Amino acid sequence: MSIATKQRISHHVLEDPASGQVIDAGVGSCVQLVFRRRLGASRWHVAERPSYLVPIEDDGHVFSFLVFGSEELTTAEGTLRLVRQRSGRPDSAEVRCLTLTVAGPVGP
């Protein structure tokens with residue numbers, strides 16, 4: 001007889017996150033960042049991300065990631081750095097650095 005288990009996937013949605021914000025996410029969860037659209041052609045892009053954060057959507061305003069880990073992972077902390085380059089003004093960029101704390105699987 002096999003026993004089926006259900007694991008609930010948590011979704012973390014942050015709208016226009018501030019620099020320095022901390023995101024606590026578990027392995028297997030989804031993290032989504034939503035930035036307001038502004039006038040002009042400026043777009044956000046990911047400049048740095050932890051290796052356990054796998055991108056699944058990137059349109060310049062909305063970013064979605066899956067959080068991965070291994071059985072050995074108990075906790076991890078990494079920096080997610082996003083940069084918005086303003087069109088026509090290459091010397092003026094806005095940077096948001098977020099800290100992502102990941103808790104690994106609990107129990108067997």
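**View 1. Thr75, an exposed residue at the start of our tour.** With a relative accessible area of 58%, Thr75 is exposed (exposed means over 50% relative accessible area, buried under 20%, and partly exposed in between, using a 1.4 Å probe and protein chains only). Thr75 belongs to strand β7, residues 75-85 (strands are DSSP runs of E with at least two residues, helices are runs of H or I with at least four, and both are numbered from the N terminus). Thr101 sits 26 residues away from Thr75 along the chain, and the C-alpha atoms of the two are separated by 7.2 Å.

A word on the model before we go on: this is a predicted structure, in which local features need pLDDT of at least 70, side-chain atom pairs count only at pLDDT 80 or more, and totals for chains, interfaces and linings use all residues. Residues are numbered from 1 along each chain as its sequence is written, and side-chain values use heavy atoms, leaving out hydrogens and water.

**View 2. An aromatic cluster of Phe35, Trp44 and Phe63.** A pair of aromatic rings is described by the distance of the centres and the angle of the planes. Rings of Phe, Tyr and Trp (its six-membered ring) pair if their centres lie within 6.5 Å; planes under 30 degrees apart count as stacked, over 60 as edge-to-face, and the rest as tilted. The count comes to two aromatic pairs by this rule. Phe35 and Trp44 are stacked, because their ring centres are 4.3 Å apart and their planes meet at 20°. Phe35 also pairs with Phe63, and here the centres are 6.1 Å apart with the planes at 85°, so this pair is edge-to-face. This second pair links distant parts of the chain: Phe35 is in the loop between β3 (30-34) and β4 (43-48), while Phe63 is in strand β6 (residues 62-67), 28 residues apart. Phe35 is buried at 3% relative accessibility, Trp44 is buried with a relative accessible area of 3%, and Phe63 is buried too.

**View 3. A salt-bridge network around Asp16 and Arg96.** Side chains of opposite charge can pair when their charged atoms come close. Searching the whole structure gives five salt bridges (a side-chain nitrogen of Lys or Arg within 4 Å of a carboxyl oxygen of Asp or Glu). One of them joins Asp16 to Arg36, with the closest N and O atoms 3.0 Å apart. Asp16 lies in the loop between β1 (11-15) and β2 (22-26) and Arg36 in the loop between β3 and β4, so this bridge ties together parts that are 20 residues apart in sequence. Asp16 also meets Arg96, at 3.1 Å from N to O. Because Arg96 lies in strand β8 (residues 93-103), that pair ties together parts 80 residues apart in sequence. A further bridge runs from Arg96 to Glu94, at 2.7 Å from N to O. Arg96 is buried, with a relative accessible area of 10%, and Glu94 is buried as well. Through shared partners, salt bridges join Asp16, Arg36, Arg84, Glu94 and Arg96 into one network.

**View 4. Two cysteines, Cys30 and Cys97.** Cys30 counts as buried at 12% relative accessibility, whereas Cys97 is partly exposed, with a relative accessible area of 26%. The whole structure holds zero disulfides (pairs of cysteine sulfur atoms within 2.5 Å).

**View 5. The chain behind the close-ups, with eight strands and zero helices.** Of the 108 residues in the chain, 32% are buried.
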